[in-house]
Structures are given as C-alpha cells and as structure tokens.
Amino acid sequence: MGLVARIVRWALSTWFDLTGWTVEGEVPATRKFVIIAAPHTSNWDFVHFVGGADRLNLNLSFMGKASLFRWPFGGMMRDMGGVPVDRAKSKDMVGAMVEEFARRDEFMLTIAPEGTRGRAREWKTGFYYIALGAGVPMVCGMMDYGRKVVGLGRAIMPTGDYEADMAVLREIYSGCTPKHPQGSTH
C-alpha cells in the first residue's frame, strides 16, 4: 500500500476512534464476499465504514468510475481497494465483477445498493447478481448512527429468489439507523 493510502487510512481510523464509534460482528471465514454497505445516506458513511473495516482487518474493495483512477489520485484509489469501471465501455458490470471474483483469491467487494447518497426508491440489484453469479455470500455491512456502530451482520448466500432474499435483507436492516433516515429505502 502506498504512502498516501496509508495516511488516509490512518486518518480515517483515528477519526473513527476519536468520535466514539465501535465495531461489532465477525468477518466470515471465506475471504470472498460482497459487502452490502447500507444504509447509505451520507458521505460520512465512507469515513465510518473504512474506520470500522480497519478494526475488523478487512481488505475492502470498491468499484469507482474510471476517471477517479487517473493521475494524481489513481495510485491511491487502487491502494485503497478501488477497482476502476469504465461505465461507457462496460455494459455488463455484473459480469465484469463476477470475472474479478474468479480472478482473485481474496476479494471483499463493498457495494452501496442505494447507488446514491440521496433518496433512492429502491435498491439497485447489481450487488445481488454479482454475488449470485460469483457464488459468494452477501455480508450485511451496517453503519448504525443511532448506536455509533459499524458492523458486519449475517452472511447470506443468494438463492436466486431475489424477492425472498430481499425480504430477509430488509428485516436485517430494519433496526439500523442511517445518518439521514429520510433518505433511506429500508
């Protein structure tokens, strides 16, 4: 990991501690899974989640638009776990990430299913179909502002029955307080 990425992680981890946040949950034994980062209603979610991930010894990855991976930030973005995605060229984001899972021995892909920090009517489905296609579990990652806790909840293998699996996820996230509750879909 490069110097800038180490400094950024240290700063986020220190902020996490100074603001009184804690972690709960356990990392699954497998080192390949999709982390559902929800609810996602604020830029602060990233700060808290990275701090919590550091405490849980998670080597997170995330997708980012390709333009974020250019100089001067490209190296740092990759060091932080970023996987560049060219939205103009890649119509099959799910397939590209399934291939990424097949290529790696360890891959903890973090996805915010709301796809935005603003009000989303419903979750986007990509996280689900990536996990299903890659044959990996979905791990419920949470930022609970009511309790100041970042955590990992249950690991759920997608069954292929999207509606049934989403009902389970809605139940898991029902007790989690987002930073901006009016912006949350669940």
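**Exercise 1. Phe 46 and its surroundings**

Classify Phe 46 in this predicted model as buried, partly exposed or exposed, and list its contacts beyond four places in sequence.

*Solution.* Start with the relative accessible area of Phe 46, which is 44%. Buried means under 20% and exposed means over 50%, so Phe 46 counts as partly exposed. Next, place the residue: Phe 46 is found in helix H2. Then look at its partners. Leaving out residues up to four places away in sequence, Phe 46 touches Leu 12 and Met 80. Finally, take the distance to Leu 12: the two residues are 34 apart in sequence, and their C-alpha atoms are 9.2 Å apart in space.

**Exercise 2. Helix H2 from end to end**

Check the length of H2 against its expected span, then describe what comes just before and just after the helix.

*Solution.* Begin with the span. H2 has 12 residues, and at 1.5 Å a residue they should span 16 Å. The C-alpha atoms at the two ends are 17 Å apart, which agrees.

Now step back to Ser 42, in the loop between strand E2 (32–38) and helix H2 (44–55). Ser 42 has a relative accessible area of 6%, so it is buried. A polar atom of its side chain lies 3.0 Å from the backbone nitrogen of Trp 44.

Along the helix itself, the buried residues are Asp 45, Val 47, His 48, Phe 49, Val 50, Gly 51, Gly 52 and Ala 53.

Just after H2 comes Asn 57, with a positive phi of about 60°, although Asn 57 is not a glycine. Asn 57 sits in the loop between H2 and E3, and its relative accessible area of 60% makes it exposed.

**Exercise 3. The nonpolar cores**

Which residues of the largest nonpolar core touch the most other members, and which elements each supply at least two of its residues?

*Solution.* First, the members: this core has 25 residues, and those touching the most other members are Val 34, Ile 36, Trp 123, Phe 127, Met 138 and Leu 169. Second, the elements: at least two residues each come from E2, strand E4 (82–85), helix H4 (93–103), strand E5 (107–111), helix H5 (126–134), strand E6 (138–144) and helix H6 (162–173).

Third, follow one residue. Beyond four places in sequence, Val 34 touches Phe 101, Leu 109, Ile 111, Phe 127, Ile 130, Ala 131, Val 136, Pro 137, Met 138 and Val 139. Another core lies apart from the largest one; this core has 15 residues, including Phe 16, Leu 56, Val 139 and Tyr 145.

**Exercise 4. Aromatic pairs**

How many aromatic pairs are there? Compare the geometry of Phe 16 and Trp 21 with that of Trp 123 and Tyr 173.

*Solution.* The count is nine aromatic pairs. For Phe 16 and Trp 21, the ring centres are 6.4 Å apart with 40° between the planes, and the pair is tilted. Phe 16 is buried at 2% relative accessible area, and Trp 21 is buried at 7%.

For Trp 123 and Tyr 173, the centres are 5.6 Å apart and the planes stand at 75°. Planes over 60 degrees apart count as edge-to-face, so this pair is edge-to-face. The pair links distant parts of the chain: Trp 123 is in the loop between E5 and H5, while Tyr 173 is in helix H6, 50 residues apart. Both of these residues are buried.

To finish, look for a cluster: ring pairs link Phe 16, Trp 21 and Tyr 145.

**Exercise 5. Cysteines**

Why is there no disulfide between Cys 140 and Cys 176?

*Solution.* Their sulfurs are 9.9 Å apart, too far for a bond, because a disulfide needs sulfur atoms within 2.5 Å. The overall count is zero disulfides. As for exposure, Cys 140 is buried at 0% relative accessibility, and Cys 176 is buried at 6%.

**Exercise 6. Backbone features in two loops**

Where does the cis peptide bond between Trp 71 and Pro 72 lie, and what is the phi of Lys 148?

*Solution.* Take the cis bond first: its omega is about 10°, and Pro 72 is in the loop between strand E3 (60–65) and helix H3 (74–79). Then turn to Lys 148, whose phi is near 55°, a positive value in a residue other than glycine. Lys 148 is found in the loop between E6 and strand E7 (149–156), and with 33% relative accessible area it is partly exposed.

Notes:
Residues are numbered from 1 along each chain as its sequence is written. This is a predicted model: local features need pLDDT of at least 70, side-chain atom pairs count only at pLDDT 80 or more; totals for chains, interfaces and linings use all residues. Side-chain values use heavy atoms; hydrogens and water are left out. Helices (H or I, at least four residues) and strands (E, at least two) are DSSP runs, numbered from the N terminus. Buried means under 20% relative accessible area, exposed over 50%, partly exposed in between (1.4 Å probe, protein chains only). A polar contact is a pair of N or O atoms within 3.5 Å; within protein, one must be able to donate a hydrogen and the other to accept it, and residues adjacent in sequence count only if both atoms are side-chain atoms. The expected span of a helix is 1.5 Å times one less than its number of residues. A nonpolar core is a set of buried Ala, Val, Leu, Ile, Met, Phe, Trp, Tyr and Cys residues joined through side-chain atoms within 4.5 Å. Contact means heavy atoms within 4.5 Å. Rings of Phe, Tyr and Trp (its six-membered ring) pair if their centres lie within 6.5 Å; planes under 30 degrees apart count as stacked, over 60 as edge-to-face and the rest as tilted.
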